[in-house]
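Biologist: I should like to go through the salt bridges of this model and hear the grounds for each assignment. Please show the sequence and the structure.

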Amino acid sequence: MSFMKGDLLTKTRKLVNGLAKPQPVWLKAMEQAPPATFPRPDGKLKAISLPEDVYIKKFFQKYPVAKGHDAIKISAYDPPPARLFGLRVLELKEQGVTEEEAMAVADMEYRKEKKEKKKAYARLKQIARLQGKKPPPNPYPSAIKERQELERKFVRERFSSPEILKIVEKIKEERRVERFNGSVGGGF
């Protein structure tokens, strides 16, 4: 029925009028009370933008490393630093601070928080060393290190996976054949 235009009611009417299908029981009821039709978009959907998005872009320009922070973490309660930065700038602007000053204050707060996290982890490691224990994992790892930790399993797997080793051997054999054929053929 994909060749026919219209909704279910129109398509069913066409099939019944063309004697291709017997009239269903629900057709009369549906004709008396047709379902609601919703307008369709013109093809382009509008991008969803939030008021703090401008400041988030500026934050990423200043701190490109922060792009690695996952913007949507289902299990996290805290928003990413860029969102916090944007919300803080908006909050300061509502209090009557100029945009430049608000961004400077939010930037200073971000750097201060980052420095405090590093100090807290250094203190944790120091306490662990004093107790003779292994230092705990960093509770505030950089986004890049988090990603690397997730990918480490797959990186190690490439050296031991039989499927990958077969592919590597196949590629090596192809290169040997190419080298052999290239040297015997005169290099053309």
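The exchange below takes up charged pairs in this predicted model.

Biologist: How many salt bridges does a search of the whole structure find?

Modeller: The search finds 11 salt bridges.

Biologist: What makes the contact of Arg13 and Glu31 a salt bridge?

Modeller: The N to O distance between their side chains is 3.1 Å. The definition asks for a side-chain nitrogen of Lys or Arg within 4 Å of a carboxyl oxygen of Asp or Glu, so the pair qualifies. This pair links distant parts of the chain, with Arg13 in helix α1 and Glu31 in helix α2, 18 residues apart.

Biologist: Why is Arg13 called partly exposed?

Modeller: Its relative accessibility is 33%. Partly exposed lies between the limits of 20% and 50%, so Arg13 belongs there. Glu31, at 36%, is also partly exposed.

Biologist: Is Asp107, which forms a salt bridge with Arg111, buried or exposed?

Modeller: Asp107 has 5% relative accessibility. Buried means under 20%, so Asp107 counts as buried. Arg111, at 46%, is partly exposed.

Biologist: Why are Asp107 and Arg111 separated by about one helical turn?

Modeller: Because they are 4 residues apart in helix α5, which spans residues 99-131.

Biologist: What makes Glu149 and Arg152 a salt bridge?

Modeller: Their closest N and O atoms are 2.5 Å apart. The cut-off is within 4 Å, and therefore the pair meets it. Glu149 and Arg152 stand 3 residues apart in helix α6. Glu149 is partly exposed at 49%, as is Arg152 at 33%.

Note on methods: Residues numbered from 1 in each chain as written. Predicted model: local features only at pLDDT ≥ 70, side-chain atom pairs only at ≥ 80, totals over all residues. Heavy atoms only, no water. Helix = DSSP H or I, 4+ residues; strand = E, 2+ residues; numbered from the N terminus. Buried < 20%, exposed > 50% of the residue type's maximum accessible area, 1.4 Å probe, protein only.
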